[in-house]
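I sat down with a fresh model today and kept notes as I went. Here is what I looked up, in the order I looked.

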Amino acid sequence: MRGQDRSGLGLMRSWTLLGAALAASLVLAFGAVSQEGAPVKIVPRLTGTADPMALDKVPALGRPIVDDVKRMRNYPEQPPVIPHSIDGYQLTLNTNRCMDCHKREFTEGSGAPMISVTHFQDRDGQVLSDVTPRRYFCTACHVQQTDVAPLVLNRFQDAKDIGRKP
């Protein structure tokens with residue numbers, strides 16, 4: 001920084017800090033004064049029960065589709081759906097029942113497809129000898145198919161079908 005006035009730069013920084021401190025104190029002072037007399041507004045909840053800690057009865061899942069048919073994916077990189085029931089599967093820090101069939105060592109005996117090699121890579125792309133912790137909880141991405149009516153109308157169109165006349 002040749003030829004720059006360093007003393008002027010320091011003075012400018014101090015004025016900026018002083019201005020920021022003054023602005024913050026004004027906001028705090030006027031904000032506190034205007035809130036004292038105003039009644040507290042309670043915003044109604046948009047979903048769920050009024051008490052966030054209340055235990056609601058969870059509706060039963062629909063009947064699982066257990067035909068074991070591999071489904072076509074709707075888009076690239078879509079996680080495959082689970083084509084069998086997973087009721088009672090334990091999925092905790094210490095136990096993952098999915099790995100009993102889908103881990104590389106067990107696929108020959110179970111006939112289940114092996115989990116993708118991407119599940120063995122950490123965030124830096126390093127290949128690990130076991131499933132990476134960020135891919136350990138299968139149901140974060142993979143869902144079980146159930147025989148229920150859709151909750152909302154689905155108007156999804158594959159990109160190759162857009163603009164094509166039936």
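The entries below go from the overall fold to single residues.

**Entry 1: confidence**

I am working with a predicted model, so I checked confidence before anything else. The mean pLDDT of the protein is 80, and 80% of the residues score at least 70. I then asked which helix has the lowest confidence and which the highest. The lowest is α1, with a mean of 71, and the highest is α2, at 92.

**Entry 2: overall layout**

I counted three helices and zero strands, and along the sequence I read the pattern as α-α-α. Helix α1 covers 6-36, while α2 runs over 99-102 and α3 over 107-110.

Next I looked at burial. The protein has 166 residues, and 13% of them count as buried. The exposed surface comes to about 14,800 Å², with 60% of it supplied by carbon and sulfur atoms. I also checked how far apart in sequence the contacting residues are. Among contacts with a separation of 6 or more, 44% join residues 24 or more positions apart.

**Entry 3: the nonpolar core**

Which residues make up the largest nonpolar core? I found six: C98, M99, I115, F120, V131 and C138. In soluble globular proteins, nonpolar side chains tend to be buried together.

I picked F120 from this core and listed its contacts, leaving out neighbours within four places in sequence. F120 touches I115 and V131, both of them members of the core. The rest of its list is Q126, V127, L128, S129, D130 and T132.

**Entry 4: the cysteines**

I wanted to know how many disulfides there are. The count is zero, so I went on to the sulfur distances to see why C138 and C141 are unpaired. For C138, the closest cysteine sulfur is in C98 at 3.8 Å, and a disulfide needs the sulfurs within 2.5 Å, so this pair is too far apart for a bond. C138 itself is buried, because its relative accessible area is 12%, under the 20% limit. C98 and C138 do both belong to the largest nonpolar core. For C141, the closest cysteine sulfur is in C138 at 9.0 Å, which is also too far for a bond.

**Entry 5: around α2 and α3**

Is K103 buried or exposed? I placed K103 in the loop between α2 and α3, and I noted it as buried because its relative accessibility is 18%. Its C-alpha atom is 5.9 Å from that of M114, eleven residues along the chain.

T107 is in helix α3, and with 18% relative accessibility this residue is buried as well. Beyond its sequence neighbours within four places, T107 contacts C101, H102, A112, P113 and M114. M114 therefore comes up twice in this entry, as a contact of T107 and as the residue whose C-alpha I compared with that of K103.

**Entry 6: Q144**

I moved on to the segment after α3, where Q144 lies. Q144 is buried, because its relative accessibility is 14%. What does its side chain reach? One of its polar atoms lies 3.1 Å from the backbone nitrogen of I86. Setting aside neighbours within four places, I listed the contacts of Q144 as P64, I82, H84, S85, I86 and D87.

**Entry 7: the loop between α1 and α2**

I finished with three residues of this loop: D68, K70 and E77.

Which way does phi point at D68, positive or negative? It is positive at D68, about 60°, although D68 is not a glycine. E77 also has a positive phi, about 70°, and is not a glycine either. I flagged both because most residues other than glycine have a negative phi.

On accessibility, D68 is exposed at 56%, E77 is exposed at 76%, and K70 is exposed at 73%. K70 gave me one more distance: its C-alpha is 8.7 Å from the C-alpha of I82, twelve residues apart along the chain. I had already met I82 as one of the contacts of Q144.

Note on methods: Residues are numbered from 1 along each chain as its sequence is written. Side-chain values use heavy atoms; hydrogens and water are left out. Helices (H or I, at least four residues) and strands (E, at least two) are DSSP runs, numbered from the N terminus. Buried means under 20% relative accessible area, exposed over 50%, partly exposed in between (1.4 Å probe, protein chains only). Contact means heavy atoms within 4.5 Å. Accessible areas come from the Shrake-Rupley method with a 1.4 Å probe; for residues, only the protein chains shown count as cover. A nonpolar core is a set of buried Ala, Val, Leu, Ile, Met, Phe, Trp, Tyr and Cys residues joined through side-chain atoms within 4.5 Å. A polar contact is a pair of N or O atoms within 3.5 Å; within protein, one must be able to donate a hydrogen and the other to accept it, and residues adjacent in sequence count only if both atoms are side-chain atoms. pLDDT is the predictor's confidence in each residue, from 0 to 100.
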